[in-house]
Amino acid sequence: MKIAIVGAGAIGGFVGAKLSLAGEDVTFMVRGANLDAIRRNGMKLILEDGSEQIASQAKASDDYRQVGQQDLVILALKAHQLEAVSHELHHLLGPETAIVTMQNGIPYWYFYKTGGALEGSRLKMVDPTGAVGEKIPSSRVIGCVVYPASELVAPGVVRHFEGERFPLGELDGASSERVLQISATFIKAGFKAPVLDDIRSEIWLKLWGNLSFNPISALTHSTLVDICQFPLTRELAAALMTEAQTIAHKLGISFRVPLEKRIAGAEKIGKHKTSMLKDVEAGRALEIDALVGSVIELGRLTATPTPQLDTVYALVKLLGKTFEEERGQLQLRRVA
């Protein structure tokens, strides 16, 4: 398959390298140091055991028009980065091109083909202007939930820590030819990619942990096991998850894992830093709107109070604002 990976960070680099090594025609859509490194050396993948593989056949480009139409486009950016690339994405889309979305949190397409009173609603937290939904048609989308943990350790170099599961699903739950083909392609590359008939419930299961542990870790600089073993933060995580579960139930979502078991699973991971904590340490923008803000918005749409989520959201938004101001001041000093 001709596959374009939009973004070559921790997950995009991992997925693209494995697909390329399995013989797929992979192009990374990237800029800057990543672009130069992949063009020069391919995409290097450091495995759990420390061994290395190099996807030397993988290509890299920043010119969507030149790359042209693909069989599959994988969006491996964070939710708040989608709008920036949405205006160029049409150059990659042919009549049958499918798009796999790999964002954490509630996706922009959530209310596509759900039926009911909220059918077609736009979530402003993840698509503020409507450009994402307009430029990245939901009819092309295959939902995906990302479970592996990896890290971009240098331009063109990804270290994989654990996990290989990428559940996939059509937004209407159908077992279409395209989702089965994409699943087979992922499996050939060494991933576990079951086709689910309810991808939204799987999204909520992953989000359940993200909306609680990510912001708590960002605010406290603590790892998963620290949060779970400290009684006050364990209680706070459970409260956040309970508010989210109430909203999800109103939207027809069922959780296949009990709340306490979900917390226990996070505790077993140990001294793991969440992606949001890593973003805090690097001074990067925080994906709080997709992980928490979108759930609060769903709370408003379903008339569900979210006092704990509101509080945590406000604190992390202020933290993000502080980082943004510091980055701006740093830029001004560099110019001066």
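# Close-up views of a predicted model

**View 1. Helices α7 and α9 cross, their axes coming within 9 Å at roughly 140 degrees.** Here α9 covers residues 231–250. Everything in these views comes from a predicted model. The crossing of this pair is right-handed. On the α7 side, look for W204, W208, L211, S212, F213 and I216. They meet a row of α9 residues made up of T233, L236, A237, L240, M241, A244, Q245, I247 and A248. Sort the residues of this contact by class and you get 12 nonpolar, 3 polar and no charged.

**View 2. Helix α7 also crosses α13, with the two axes coming within 10 Å.** Helix α7 spans residues 199–220, and the angle between its axis and that of α13 is roughly 45 degrees. Because angles under 35 degrees count as roughly parallel and those from 65 to 115 as roughly perpendicular, α7 is oblique to α13. This crossing is left-handed. From α7, the contact takes in L211, P215, A218 and L219. From α13 come L309, V312, L315, V316 and L319. How many of the residues in this contact are nonpolar, polar or charged? There are 9 nonpolar ones, with no polar and no charged residues. Keep an eye on L211: this α7 residue is part of the contact with α13, and it turns up in the contact with α9 as well.

**View 3. Helices α12 and α13 cross at roughly 145 degrees.** Their axes come within 10 Å, and the crossing is left-handed. The α12 residues to pick out are I288, D289, V292, G293, V295, I296 and R300. Facing them in the contact are L309, D310, Y313, V316 and K317 of α13. By class, this contact holds 7 nonpolar, 1 polar and 4 charged residues. L309 and V316 may look familiar, since both also belong to the contact of α13 with α7.

**View 4. A short loop story: T302 and A303 both sit between α12 and α13.** T302 lies in the loop that links α12 (288–301) to α13 (307–335), and A303 is found in that loop too. Which of the two is buried, and which is exposed? T302 has a relative accessible area of 14%, so it falls under the 20% limit and counts as buried. A303 comes out at 63%, and because exposed means over 50%, that residue is exposed. Setting aside neighbours within four places in sequence, T302 is in contact with I247, K250 and L251. I247 is also one of the α9 residues that meet α7. As for A303, its phi is near 55 degrees, a positive value in a residue other than glycine.

**View 5. H221 has a positive phi too, near 55 degrees, without being a glycine.** This residue lies in the loop between α7 and α8 (224–229).

**View 6. A290 is tucked into helix α12 as a buried residue.** Its relative accessibility is 3%. Not counting residues up to four places away in sequence, A290 touches A79, N104, G105, I106 and V126. R140 is another matter: 150 residues separate it from A290 along the chain, and their C-alpha atoms are 21 Å apart.

**View 7. A314 is a partly exposed residue of helix α13.** The relative accessibility of A314 is 45%. Between its C-alpha atom and that of G293, 21 residues away along the chain, the separation is 9.4 Å. G293 is among the α12 residues that meet α13.

**View 8. K2 belongs to strand β1, which covers residues 2–6.** How far apart are the C-alpha atoms of K2 and Q70? They are separated by 5.2 Å, although the two residues are 68 apart along the chain. Leaving out residues up to four places away in sequence, K2 touches D25, V67, Q69, Q70, D71 and L72. Buried, exposed or in between: where does K2 fall? At 35% relative accessibility, K2 counts as partly exposed.

**View 9. Two buried cysteines, C144 and C228.** C144 has a relative accessibility of 4%, and C228 has 2%. A disulfide is a covalent bond between the sulfur atoms of two cysteines. How many disulfides are there, taking sulfur atoms within 2.5 Å as the rule? The count comes to 0.

Definitions and conventions: Residues are numbered from 1 along each chain as its sequence is written. This is a predicted model: local features need pLDDT of at least 70, side-chain atom pairs count only at pLDDT 80 or more; totals for chains, interfaces and linings use all residues. Side-chain values use heavy atoms; hydrogens and water are left out. Helices (H or I, at least four residues) and strands (E, at least two) are DSSP runs, numbered from the N terminus. Buried means under 20% relative accessible area, exposed over 50%, partly exposed in between (1.4 Å probe, protein chains only). Contact means heavy atoms within 4.5 Å. A disulfide is a pair of cysteine sulfur atoms within 2.5 Å. Axes are lines fitted to C-alpha atoms, for helices over the stretch in contact, and angles run from 0 to 180 degrees between N-to-C directions. Angles under 35 degrees count as roughly parallel, over 145 as roughly antiparallel, 65 to 115 as roughly perpendicular and the rest as oblique. A crossing is left-handed if the near helix is turned anticlockwise from the far one by less than a right angle, and right-handed if clockwise. Ala, Val, Leu, Ile, Met, Phe, Trp, Tyr, Cys and Pro count as nonpolar, Asp, Glu, Lys and Arg as charged, and the others, Gly among them, as polar.
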